[in-house]
Amino acid sequence: MKKIALMCDSSADITKQQAEELEIHVVRMPITINGKEYIEEETIFDEDIIRALNNEEQVKTAQPIIGDLTKMWDDLLETYDEVFYLPLSRELSGTCSVALNLAKEYNGRVTVVDSTFVCYPVVDVLLMAREMFEKGYTAAQVKEKIEIEGELYAVLIPENLTTLKNGGRISPAAASIAGLLKIQPLLSVNKGAIDLIDKVRTLKKAYKEGITYITKDANPDDYIWMIIDADNRAVSDELKIHLEKIVHQTVEQHSFKSVIMSHTGPGTIGFGRIKKIRY
C-alpha cells in the first residue's frame, strides 16, 4: 500500500496538537491585524484574535503562501509516496483552484480535492479518506468519491454582526438596523458557499431554528453531527445536549480557530452535518 500524506490548511480549525495526533499535515494561513501579518498558531493565537476582534481592529485572512504550500508538498514527498490535500471550499477561497493548478506539476503525486468543505469537517473527511486508502482505494478514487458523494451542510449563528460588518460582509447601515431591531441572522453553508437563510429576533430563537434547519429531512444515521463554537463553550455545551436528544447520535464538539473566527466573530455557534461516505 502506498504511503499517502493527508494534508489541509488551517481553516480546518485543527490545532498543532490535534494535527500531530491524527498525523495530518497543515499549511498555516496568514492573518493580518491592522496591516501587520502573522501566521496562525505560529506567531498569533486564538486569544490574540479574540482580543483584536473585541477591540474592533481590522483582522483579515489570506490564502496560504504558495511557496509554503509547495515546500510542504516537496518535503512530504521525500518520505511519502503521495500527498492528498483537502483545502478550504473553492467558494470561499482561491486556494483550491491555485492548488489544483500547482498539483499538475507533480506528475500525479499530489492530489487536490475540488473542495466544498470548511472548518473541522475537513478533518473528518480526511479521516474517511485514510480509511479508504487502507482499504485499497487510490488517491484518484478517493478524490472522486469525496467530490461526488461528500456533503457538508451547516448553519452558522453569529452572536452579533460586528465582525461581519468590520470585514465588509454586510454594510454598516444594515448592521445598525439589524442591531436596532435585534435581528439575528442564520447563515447556511451548503455546497461550499455561505448564504443567509433566515432572520429571527433573538439568539435563543436563532439556536432553536438552527437545530431545526440542520436536522430537517436528514436520517441521523447517515451523518456525522457537529457543533462548533467561537469562544462560547458554555452555550455550546447546552446546545450539544439538545442536538444529541434530537438525532440520537454523538455530536462532536469543536472550536472555531483563528482563521474562521476572524470572519464570523467571537460567540458564533455552528451546527453541522457531514454525510458519511460509503466504502
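This briefing describes selected residues, two nonpolar cores and one pocket of a single structure. The model is predicted, and each value given here was computed from its atoms. The largest nonpolar core holds 51 residues, while a second, separate core holds 19. Several single residues are then placed in their strands or loops, together with their burial and their contacts.

**The nonpolar cores**

- Of the 51 residues that make up the largest nonpolar core, Phe84 and Ile146 are the ones that touch the most other members.
- The largest share of this core is supplied by helix α5, which spans residues 121-134 and contributes 8 residues.
- A second core of 19 residues is separate from it, and includes Tyr153, Tyr207, Trp225 and Val251.
- When residues up to four places away in sequence are not counted, Ile146 touches Phe84, Val113, Phe117, Val125, Ala129 and Ile277.
- As general background for a reader new to such cores, nonpolar side chains in soluble globular proteins tend to be buried together.

**Asp9, a buried charged residue**

- Asp9 is found in strand β1, which covers residues 4-9, and Asp9 counts as buried because its relative accessibility is 1%, under the 20% cut-off.
- The side chain of Asp9 makes a polar contact with the side chain of Ser11, at 2.4 Å, and a polar atom of the Asp9 side chain also lies 3.2 Å from the backbone nitrogen of Leu88.
- Leaving aside neighbours within four places in sequence, Asp9 is in contact with a set of residues that includes Val26, Val27, Met29, Pro64 and Thr95, and the run Tyr85, Leu86, Pro87 and Leu88 also belongs to that set.
- Asp9 and Ile49 are 40 residues apart along the chain, and their C-alpha atoms are separated by 18 Å.

**The second largest pocket**

- The second largest pocket has a volume of about 270 Å³, and 14 residues line it, with Val26, Val27, Arg28, Glu42 and Met72 lying nearest its centre.
- Three elements each supply at least two residues of this lining, namely helix α1 (16-22), strand β2 (24-27) and helix α3 (66-76).
- Sorted by class, the lining of this pocket has 7 charged, 6 nonpolar and 1 polar residues.
- Val26 and Val27, which are among the residues nearest the centre of the pocket, are also among the contacts of Asp9.

**Two further buried strand residues**

- Thr111 is found in strand β7, which covers residues 110-112, and Thr111 counts as buried because its relative accessibility is 9%, under the 20% cut-off.
- Outside its neighbours within four places in sequence, Thr111 is in contact with Glu82, Val83, Phe84, Tyr85, Ala139 and Lys143.
- Phe271 has its place in strand β13, residues 269-275, and counts as buried because its relative accessibility is 1%.
- With neighbours within four places in sequence set aside, the contacts of Phe271 include Tyr153, Ala154, Val155 and Ile157, and also Tyr207, Gly210, Ile211 and Ile214.
- Phe271 and Tyr106 are 165 residues apart in sequence, and their C-alpha atoms are 37 Å apart in space.

**Residues with a positive phi**

- Most residues other than glycine have a negative phi.
- Cys119 is not a glycine and yet has a positive phi of about 65 degrees; Cys119 lies in the loop between β7 and α5, and is buried, with a relative accessible area of 7%.
- His248 is likewise not a glycine and has a positive phi of about 55 degrees; His248 sits in the loop between α10 (233-247) and β12 (251-255).
- His248 counts as exposed because its relative accessibility is 67%, which is over the 50% cut-off.

**Two asparagines in loops**

- Asn232 lies in the loop between β11 (223-229) and α10, and is buried, with a relative accessible area of 10%.
- Leaving aside neighbours within four places in sequence, Asn232 is in contact with Glu159, Tyr207, Gly267 and Ile269.
- Asn160 has its place in the loop between β8 (152-157) and α7 (162-166), and counts as partly exposed because its relative accessibility of 34% falls between the two cut-offs of 20% and 50%.
- Asn160 and Leu203 are 43 residues apart in sequence, and the distance between their C-alpha atoms is 9.3 Å.

Key: Residues numbered from 1 in each chain as written. Predicted model: local features only at pLDDT ≥ 70, side-chain atom pairs only at ≥ 80, totals over all residues. Heavy atoms only, no water. Helix = DSSP H or I, 4+ residues; strand = E, 2+ residues; numbered from the N terminus. Buried < 20%, exposed > 50% of the residue type's maximum accessible area, 1.4 Å probe, protein only. Contact = heavy atoms within 4.5 Å. Polar contact = N/O pair within 3.5 Å; in protein donor to acceptor, adjacent residues only side chain to side chain. 1 Å grid on protein atoms, 1.4 Å probe; cavity = no way out; pocket = protein on both sides within 12 Å on 5 of 7 lines; lining within 4 Å. Points joined across faces, edges and corners; volume = space filled by probe spheres on them. Nonpolar A, V, L, I, M, F, W, Y, C, P; charged D, E, K, R; others polar. Core = buried A, V, L, I, M, F, W, Y, C linked by side-chain atoms within 4.5 Å.
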